[in-house]
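I opened a fresh notebook page for this one. Come along while I look things up, one entry at a time.

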Amino acid sequence: MSTPLLVRALRGEPVERPPVWFMRQAGRSLPEYRALRSSRSLLQLARAPELTAEATMQPVRRHGVDAAILFSDIVVPLVGVGVELEIRPGLGPVIAKPIRTASDVRRLRPLCPEEDLPEVAEAVGLLRTELEVPLIGFAGGPFTLASYLIEGGPSKTQATTRAMMFGQPALFCELLERLAGIAAASLRAQVQAGAAAVQVFESWIGSLSRPQYEQYVAGPTRALFDQLTDLDVPRVLFGVGTGHLLEAMAATGPDAIGLDWRTSVADARERLGPGIALQGNLDPAALLAPWPVTEREARAVLVDAPETGYIFNLGHGVLPSTPPETLGRLVELVHGHKLEAIA
Ligand code: 1CP
């Protein structure tokens, strides 16, 4: 099989048009997902290979995106190592016993994907035969995973997390190192089962200053990417509100950076140079506006985009109230992009 468009774009190779997929393309914006989910929890879906495969394929079928992303959640590997948690509807992950002490951190053991989460590789295996587009594997970044474990649930500021960073820096580093190891093991297993690219969702690093990011998070992130180098699949690093962190993120070794809508693609390209691919970054809220507005905003992103090393996406996940038709129209728009440019 020839190299998929997504993989070529992530590697900065020549492409006829940019590939397009959407973060959180599976999930609540789709009626068929809501039907699948109505009688089961998200964790049940994520741990039943046939259902995982179905949820993963739904947006590919409906929207015609150029990539699938495995249906799961960033906290699934934590469940695999025995962390007690639930994913509350409308809220997100809630941890039964938040991590605060050295003994809490040391209880966090390494992930052994074959024993702890065999169903993930099984789902990827099913998808490998059924999908006609490449599958993106993913994991949470060490800081973002740590923030759920320390805060005990979703947090707007990650204040308790940063308090531990200041108050118990050595313990904080140990926690991040352990989490980077868990993320790397999970991604490795997804790639070995058939994922063609991986994305690290380090969603909440925007709450750190650049010196804080460099001192505490860059090291474990680099270690995470280093553990995947031999696999020869492109690796994307994404975070929200990272305009002040881009160079430091790029220095951890990913092949591509995912941008939110606050930093323009042109600005990021100028700062990072052509050696790293860029992904993003239409504001997800623009998809809730009437189509002419969505179209105008999408075209503004595309006009800004470089010819190579670029993947169209949103600046963060699809909002649950997004009309599915809008996602389909966006895919058509991106698919027609180069043809129009030539005409
Ligand atoms: O069915 C439901 O309960 C709906 C909500 C939902 C869904 C569909 C959650 C709870 N997780 C997921 C699946 C999911 N999570 C996917 C696969 C779907 C896809 O992309 O097509 C992915 C990639 C994630 C990743 C994820 N989970 C992130 C990183 C991406 C991001 O949005 O920044 C984060 C931070 C989470 C935690 C989480 N899980 C769920 C929610 C609502 C949250 C966010 C909570 C918060 O705001 O802190």
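**Entry 1: who surrounds the ligand.** For my purposes, a residue is near a molecule if one of its heavy atoms lies within 4 Å of it. I also note at the start that this is a predicted model. With that cut-off in hand, I looked up the neighbours of the ligand and found 24 residues around it. Which of them come nearest? They are Tyr33, Arg37, Tyr148, Ser203 and His316.

**Entry 2: polar contacts.** I went through the side chains next. Tyr33 has a side-chain N or O atom 2.6 Å from an oxygen atom of the ligand. For Arg37 I also wrote down 2.6 Å, again between a side-chain N or O atom and a ligand oxygen. Asp73 places a polar side-chain atom 2.7 Å from a nitrogen atom of the ligand. I then checked how much of the ligand is covered: on its own it has 870 Å² of accessible area, and the protein covers 91% of that.

**Entry 3: the pocket.** Where does the ligand sit? I found that it takes up the space of the largest pocket. I looked for elements that give two or more residues to the shell around the ligand, and noted helix H2 (31-37) and strand S3 (92-95). Sorting the shell residues by character, I got 14 nonpolar, six polar and four charged.

**Entry 4: aromatic pairs.** I turned to the rings and counted four aromatic pairs. One of them joins Phe138 and Phe201, which meet edge-to-face, with 5.4 Å from centre to centre and 90° between the planes. Why does this pair tie together parts that are apart in sequence? Phe138 belongs to strand S4 (residues 135-140) and Phe201 to strand S5 (residues 197-201), so the pair links parts that are 63 residues apart in sequence.

**Entry 5: two backbone notes.** I looked at the peptide bond from Gly280 to Asn281 and found it cis, with omega near -10°. Asn281 is part of strand S8 (residues 277-282). My other note is on Arg24, a residue other than glycine with a positive phi, near 60°. I traced Arg24 to the loop between helix H1 (5-10) and H2.

**Entry 6: to revisit.** When I come back to this page, I will start again from Tyr33, Arg37, Tyr148, Ser203 and His316, the residues that come nearest to the ligand.

Key:
Residues are numbered from 1 along each chain as its sequence is written. This is a predicted model: local features need pLDDT of at least 70, side-chain atom pairs count only at pLDDT 80 or more; totals for chains, interfaces and linings use all residues. Side-chain values use heavy atoms; hydrogens and water are left out. A polar contact is a pair of N or O atoms within 3.5 Å; within protein, one must be able to donate a hydrogen and the other to accept it, and residues adjacent in sequence count only if both atoms are side-chain atoms. Accessible areas come from the Shrake-Rupley method with a 1.4 Å probe; for residues, only the protein chains shown count as cover. On a 1 Å grid over the protein atoms alone, a cavity is a set of points where a 1.4 Å probe fits but cannot get out, and a pocket is an open set with protein on both sides within 12 Å along at least five of seven lines; lining residues have an atom within 4 Å of a point. A molecule sits in a cavity or pocket if more than half of its atoms lie within 2 Å of its grid points. Helices (H or I, at least four residues) and strands (E, at least two) are DSSP runs, numbered from the N terminus. Ala, Val, Leu, Ile, Met, Phe, Trp, Tyr, Cys and Pro count as nonpolar, Asp, Glu, Lys and Arg as charged, and the others, Gly among them, as polar. Rings of Phe, Tyr and Trp (its six-membered ring) pair if their centres lie within 6.5 Å; planes under 30 degrees apart count as stacked, over 60 as edge-to-face and the rest as tilted.
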